[in-house]
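Subject: Handover of a structure, with findings

Dear colleague,

I am passing the structure below to you for your review. My findings follow it, arranged by topic.

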Amino acid sequence: MELTTLPLSSEQRESIDALGFVSLGRLLDDVQLASLRDRVQELIEEEGEQGGHELFNSNRVKHPKEAGADRLANLANKGAVFDILYTHPQLLSAIRQVLGPEIKLSSLNYRSARPGHGLQKLHADWPNAVEPGEFKVCNSIWLLDDFSAANGATRLVPKSHLCGETPEDAMDDPLQTHPDEIILEAPAGTVVVFNSHLWHGGTVNRSEAPRRAIHSYFCRRDQVTQTPQRELIRPETLDRISDQAKWLLDVSD
Ligand SMILES: O=C(O)CCC(=O)C(=O)O
């Protein structure tokens, strides 16, 4: 599929290839951020405990609920405000830099770490380490709040996507701090794309407010998606979105 993309700079390509992540900067303005936060809040109130129920693993088993985190999933069907989060031309270049041209959206989901919660094991979103060129999954995180070391920002271990091991193999306790980890500190509106084979995870939110973000998570086209988009696609979504978006959701024949 010929996608509308905006090329990465050579520094950005180098960053995602060598370090495993790249910041695309502040791609959302204050108006977009306010609309996203408002829509997310409405959905949290509507869905309550059901939030995130459209997320599955590759065997179509429901994704386990994470204590202390609010989740929403299937956002591609829950408002036009979310469309940009999986169709942005520069995002698509960064995802293709990792996965090659044959990509699709695996899930578009929201995660918020509540105050006092949010610590996750360092993990890769794939069960085993893979060789460069064989990467299957690639994530992006759209920050709805400023991220800081105090409020549960994501941690990343640069270059770990190339180390040939998973955190479970290499660490006694993946909940612990890794000596090489960095904390993703950036203003709200920023998007960071990271190779999902990179070791990463949430940290504890020590602030008084939730730490909110949306993950636009992609996989190679031959993989099983976290959200079964073909089953869940709504007529109003099909009426609204472009042919390119339908291809990315893999809902067109
Ligand atoms: O939201 C974050 O900081 C990271 C979330 C994550 O890696 C996950 O839920 O698998």
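What follows is an account of the chain as a whole, then of its strands, its core, its ligand and some individual residues.

Please note at the outset that this is a predicted model.

**The chain as a whole**

The chain contains 8 helices and 9 strands. Its radius of gyration is 17 Å, close to the 18 Å that the globule rule gives for 253 residues, so the chain is as compact as a globular protein of that length. Measured out along its principal axes, the C-alpha trace spans about 50 × 40 × 35 Å. Buried residues account for 41% of the 253 residues. Where contacts join residues at least 6 apart in sequence, 85% of them link residues at least 24 apart.

**Strand β3 and its partners**

Strand β3 covers residues 103-113, and 11 of its 11 residues are buried, so the strand is largely enclosed by the rest of the structure. In general, strands of a sheet pair through backbone hydrogen bonds, either parallel or antiparallel. One partner of β3 is strand β2 (residues 69-72), and the two pair in the antiparallel sense over 4 bridges. Within this pairing, D70 has S112 of β3 as its bridge partner. Strand β9 (residues 211-220) also runs antiparallel to β3, and 10 bridges join the two. Here K104 is matched with C219 of β9.

**A three-stranded open sheet**

There is also an open sheet of 3 strands, in the order β6-β5-β8, with antiparallel pairing. Its edge strands are β6 (182-183) and β8 (200-201), each of which pairs on one side only. Strand β5 (residues 155-156) is joined to β8 by 2 bridges in the antiparallel sense. In this pair, the bridge partner of R155 is G201 in β8.

**The nonpolar core and helix α4**

In soluble globular proteins, nonpolar side chains tend to be buried together. The largest nonpolar core of this chain has 52 residues, of which I95, W142 and V193 touch the most other members. Helix α4 (residues 89-99) supplies the largest share of this core, with 6 residues.

The buried residues of α4 are L91, L92, A94, I95, Q97, V98 and L99. The elements that cover them include α1 (10-19), β1 (21-26), β3, β4 (137-143), β7 (190-195) and β9. For I95, the contacts beyond its neighbours within four places in sequence are I103, C138, V193 and F218. Just after the helix, G100 takes a positive phi of about 85°.

**The surroundings of the ligand**

Which residues surround the ligand? They are R111, Q120, T154, H200, G201, G202 and A213. By type, this shell divides into 1 nonpolar, 5 polar and 1 charged residue. G201 thus appears in the shell and is also the bridge partner of R155.

**Individual residues in loops**

Most residues other than glycine have a negative phi, and most peptide bonds are trans. Two residues deserve a note in this respect. N74 has a positive phi of about 60° although it is not a glycine. It lies in the loop between β2 and α3. Is N74 buried or exposed? A residue is buried if 20 or more other C-beta atoms lie within 10 Å of its own; N74 has 23 such neighbours inside 10 Å, so it counts as buried.

K159 likewise is not a glycine, and its positive phi is about 75°. This residue is in the loop between β5 and α5 (167-170). With 14 other C-beta atoms within 10 Å, K159 is partly exposed.

V81 is found in the loop between β2 and α3 (84-87). It is partly exposed, having 15 other C-beta atoms within 10 Å. Leaving aside its neighbours within four places in sequence, V81 is in contact with S35, L36 and R39. V81 and V251 are 170 residues apart in sequence, and their C-alpha atoms are 19 Å apart in space.

With kind regards

How values were computed. Residues numbered from 1 in each chain as written. Predicted model: local features only at pLDDT ≥ 70, side-chain atom pairs only at ≥ 80, totals over all residues. Buried ≥ 20, exposed ≤ 12 C-beta atoms within 10 Å, placed from the backbone. Pairing = 2+ DSSP bridges. Rg over C-alpha atoms; globule rule 2.2 N^0.38 Å. Contact = placed C-beta atoms within 7 Å. Near = placed C-beta within 6 Å. Nonpolar A, V, L, I, M, F, W, Y, C, P; charged D, E, K, R; others polar. Core = buried A, V, L, I, M, F, W, Y, C linked by C-beta atoms within 7 Å.
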